[in-house]
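Me: Can you walk me through this model? Short answers are fine.
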There are 2 protein chains.
Amino acid sequence: MKTNAISGPRRLKDTLYEHFARIGKATSSPKRLEILDVLCQGEKSVEELALHAQLDVKNASAHLRVLFASRLVTARREGKRIFYSIADESVCEYWLATRAMAERRFAEIERVVKCYFDDRETMVAYDRDVLLGKARRGEIVVLDVRPKSEYEHAHLPHARSIPMDELERCMASLPRNKQIVAYCRGPYCVLSLQASTLLREHGFDVLRLPDGVLEWRNAGLPLAYTSPPKE
Amino acid sequence: MKTNAISGPRRLKDTLYEHFARIGKATSSPKRLEILDVLCQGEKSVEELALHAQLDVKNASAHLRVLFASRLVTARREGKRIFYSIADESVCEYWLATRAMAERRFAEIERVVKCYFDDRETMVAYDRDVLLGKARRGEIVVLDVRPKSEYEHAHLPHARSIPMDELERCMASLPRNKQIVAYCRGPYCVLSLQASTLLREHGFDVLRLPDGVLEWRNAGLPLAYTSPPKE
DNA sequence: CTAACATTCTATTGCTTAATAGAATGTTAG
DNA sequence: CTAACATTCTATTAAGCAATAGAATGTTAG
């Protein structure tokens, strides 16, 4: 006669689904998802995350505690700051699967996005591997307009980093005889749209790429790292 | 000057993450996940689902309404009954991604499962494609012990259906000179374990396969259908 | 048309959770 | 050792949600 912690099938199921539901609970708040999304771009301090998700620091900390308790993020102290990051690659994959399903199930998402990003004629029209080839041969400049730290965490091959808030100041260094392809965190991030608008106003030949590193890697393409990836 | 429904980046983000969070909200309840999981095996009536998840019918209906509002399931009326099913293939993929992440992040899941299913020596040890080959050549009998309707919705190639509750009655029809490989809904479903235990007690040479149709298809292998799949 | 049935709708209860603010912890600079 | 800082912990309040039960809807069989 065996006396396990789990006694019958019902107890087993209850235990398992209870654990699975922890994920749902953690991802049932828009603000937490926003935090999770930006954490997929690299580690960030509580303050940065609070700023990013438009939360006061205490509240952001509380949300992070929830994400931590659900094991979706890990924390690391460096001096006075605590840096949070995605616990695992499986978290990015989960986030991508969630997004994919939501996009497919909620037509309103596509509608809202199309309405905000109504720049179809100035988006990259060719395939990702064509883009990779052009970038490798130096025919285009791939421009990463995310904050420097995110670029350093991972970026598209041959990409150059000019964070959005330095773009106005640094744009003189960009070539005027080559096409520029600007990208940022992904299809819902506004940075690349702002960048492409700004650069176009200044006469550059610029296209917007609605990919981020997650989408790029998810398509099976390689990424580049300034410092070697930690895993 | 453009006046969109969505005015600024913050409004856009809030709208988008609000939608994404609907998924989390819908999957934040263990019982709803249990419903979703079994719906991945094929459509079911409210009553069946209530029975399966050990809920009273009213409560099950309420949970289904939540899943429906989040567009994770669809409903179809047939006579007095209403049959719910997974809205989309992307829902299965989402569920698999959730499970994969939870398994990876929560060591306790593996512990609980190992503790309940402590039959490593009587589990299928060879690869899925080896199994497929053996099944095709008729060297083994692949046995689906789920309810008939789930078998009909989709099953492993060359599998034979004997629902668990008919197994005792029908086991005489199984060969004694061949290995039997029993499977059910997946790694957390107890049916195949019950089946393999029962058959072993009656002297059959039986192994348990911890896959279900989801895991099988996710591994890139083909499924078989009694009636053609609806998509 | 009526009875039986499957399911949903409505209302009530108690529990969980998000946001907020004040106190406490741990870290560094001087 | 103290002040300044980043973050967490604790408590409070208000909002949201799961479970339950009774009423209502829609469907079929007779």
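Me: How does the surface near DNA strand C divide by class?
Reply: It has seven nonpolar, five polar and 11 charged residues. Ala, Val, Leu, Ile, Met, Phe, Trp, Tyr, Cys and Pro count as nonpolar, Asp, Glu, Lys and Arg as charged, and the others, Gly among them, as polar. This is a predicted model: local features need pLDDT of at least 70, side-chain atom pairs count only at pLDDT 80 or more, and totals for chains, interfaces and linings use all residues. Residues are numbered from 1 along each chain as its sequence is written, while chains are lettered from A and ligands numbered from 1 in the order in which they are written.

Me: Which residues are closest to strand C?
Reply: Gly79(A), Ser45(B), Val46(B), Glu47(B) and Ser61(B). In total 23 residues surround the strand. A residue is near a strand if its C-beta atom, placed from the backbone, lies within 6 Å of it.

Me: And which element gives the largest share there?
Reply: α4(B), with five residues. The elements that supply at least two residues each are α4 of chain A and α3 (46-52), α4 and β3 (81-86) of chain B. Helices (H or I, at least four residues) and strands (E, at least two) are DSSP runs, numbered from the N terminus.

Me: Now DNA strand D. Which residues come nearest?
Reply: Ser45(A), Val46(A), Glu47(A), Ser61(A) and Gly79(B), out of 23 around strand D. Here α4(A) gives the most, with five residues. The surface near strand D holds seven nonpolar, five polar and 11 charged residues.

Me: Ser45(A) again. What does it stand opposite?
Reply: Phe83(A), in β3(A). β1(A) and β3(A) pair in the antiparallel sense over two bridges. Two strands pair if DSSP finds at least two bridges between them.

Me: What's the strand order in that sheet?
Reply: β1-β3-β2 in chain A, an open sheet of three strands with antiparallel pairing. β1 (44-45) and β2 stand at the edges with a single partner strand each, so one side of each has no neighbour in the sheet.

Me: Which helix lies across it?
Reply: Helix α2 (residues 30-39) of chain A lies across β1, β2 and β3 of chain A. It runs at about 85° to β3(A). Axes are lines fitted to C-alpha atoms, for helices over the stretch in contact, and angles run from 0 to 180 degrees between N-to-C directions.

Me: Switching to the two chains. What superposes B on A?
Reply: A rotation of 180° with 0.0 Å of shift along its axis, RMSD 0.0 Å. That is the relation of a two-fold axis. Copies are superposed by least squares on the C-alpha atoms of residues with pLDDT of at least 70 in both. In chain B, the C-alpha of Gly24(B) comes closest to the axis, at 2.2 Å.

Me: How many residues does the contact take from each chain?
Reply: 48 from chain B and 48 from chain A. On the side of chain B that touches chain A, the largest share is 15 residues, from α1(B). That side divides into 25 nonpolar, 10 polar and 13 charged residues. Two residues are in contact if their C-beta atoms, placed from the backbone, lie within 7 Å.

Me: Why do the copies meet through the same surface?
Reply: Because 100% of the interface residues of chain B are also interface residues in chain A.

Me: Last one. Where is Arg71(A)?
Reply: In the loop between α4 (57-69) and β2 (73-78) of chain A. Its phi is near 65°, a positive value in a residue other than glycine.
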